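The following explanation is intended to be read beside the sequence and the three-dimensional structure. Please keep both in view while following the paragraphs.

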Amino acid sequence: QKLTLDYNVSVANKVSGFENEIYIDLEYMNEYKKFDLKERKNDYQFRFKTNYESNITLEIPKGYKVTKLPENLSIQEEDFSVQIALLQTGNTIVYKKTFNFKNAAIKANDIAKWNAFNKNLNTLYNQQIRLVKQ
């Protein structure tokens, strides 16, 4: 069955302001950030299957508009899929991440695909949302 946890989190050092701009980093978990399989030649077997989804909602402060959102990222393979998307609707931004390792493995022939994706994942994790005062 699906388990849902709904909670509020207070995280420090994720917002910076300079003159009329605000930079916001919604990433605080960095799932699979250091999961690099460069040296691996065989299948990677996880201890268990994973189907993880995270949704973070940010309310845009009054008087500001979004000028930059990180690009969405996605990979879909037989044994795993990952989707990361940022969507602005009205005065809110939803940051949604889904990690699904359906067979608890990354096959040897998918390791190069995973490593290329992981590089892009790390790039995305280092990007920020930019807001500018109107």
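The paragraphs below treat the strands, the helix and the aromatic rings in turn.

The model is predicted; local features require pLDDT of at least 70, side-chain atom pairs count only at pLDDT 80 or more, and totals for chains, interfaces and linings use all residues. Residues are numbered from 1 along each chain as its sequence is written, and side-chain values use heavy atoms, with hydrogens and water left out.

A suitable starting point is the open sheet of four strands, which has the order E4-E8-E7-E6 and antiparallel pairing. Helices (H or I, at least four residues) and strands (E, at least two) are DSSP runs numbered from the N terminus, and two strands pair if DSSP finds at least two bridges between them. The edges of the sheet are formed by E4 and E6, each of which pairs on one side only. Neighbouring strands of this sheet are turned by 15° against each other on average, direction ignored; here axes are lines fitted to C-alpha atoms, for helices over the stretch in contact, and angles run from 0 to 180 degrees between N-to-C directions.

The individual pairings can be followed across the sheet. Ten bridges connect E4 and E8 in the antiparallel sense, and leucine 58 has isoleucine 93 in E8 as its bridge partner. Strand E8 (residues 92-101) also pairs with E7, again antiparallel and over ten bridges; in this pairing serine 81 stands opposite asparagine 100 in E8. The hairpin of E7 and E8 has two residues between the strands, and glycine 90 takes a positive phi near 60° there. On the other side, E7 (residues 80-89) pairs with E6 (residues 73-76) through four antiparallel bridges, with leucine 73 opposite isoleucine 84 in E7. A hairpin of three residues joins E6 to E7. In a regular strand the side chains alternate between the two faces of the sheet.

Helix H1 (residues 111-125) lies across E6, E7 and E8 and runs at about 160° to E6, where contact means heavy atoms within 4.5 Å.

Further pairings involve strand E10 (residues 129-133), which is joined to E2 (residues 21-24) by four antiparallel bridges. Isoleucine 24 stands opposite isoleucine 129 in E10. Strand E5 (residues 64-68) likewise runs antiparallel to E10 over four bridges, and tyrosine 64 has lysine 133 as its bridge partner in E10.

The aromatic side chains complete the picture. A search of the whole structure finds 15 aromatic pairs; rings of Phe, Tyr and Trp (its six-membered ring) pair if their centres lie within 6.5 Å, and planes under 30 degrees apart count as stacked, over 60 as edge-to-face and the rest as tilted. The pair of tyrosine 44 and phenylalanine 46 is edge-to-face because the ring centres are 5.0 Å apart and the planes stand at 75°. Tyrosine 44 is partly exposed, with a relative accessible area of 23%, whereas phenylalanine 46, at 13%, counts as buried; buried means under 20% relative accessible area, exposed over 50% and partly exposed in between (1.4 Å probe, protein chains only).

Phenylalanine 46 also pairs with phenylalanine 101: their centres are 4.6 Å apart and their planes at 50°, so the pair is tilted. Because phenylalanine 46 lies in the loop between E3 (44-45) and E4 (50-59) and phenylalanine 101 lies in E8, the pair ties together parts that are 55 residues apart in sequence. Both of these phenylalanines, 46 and 101, are buried. One aromatic cluster includes Tyr44, Phe46 and Phe101, with Trp114 and Phe117 also among its members.
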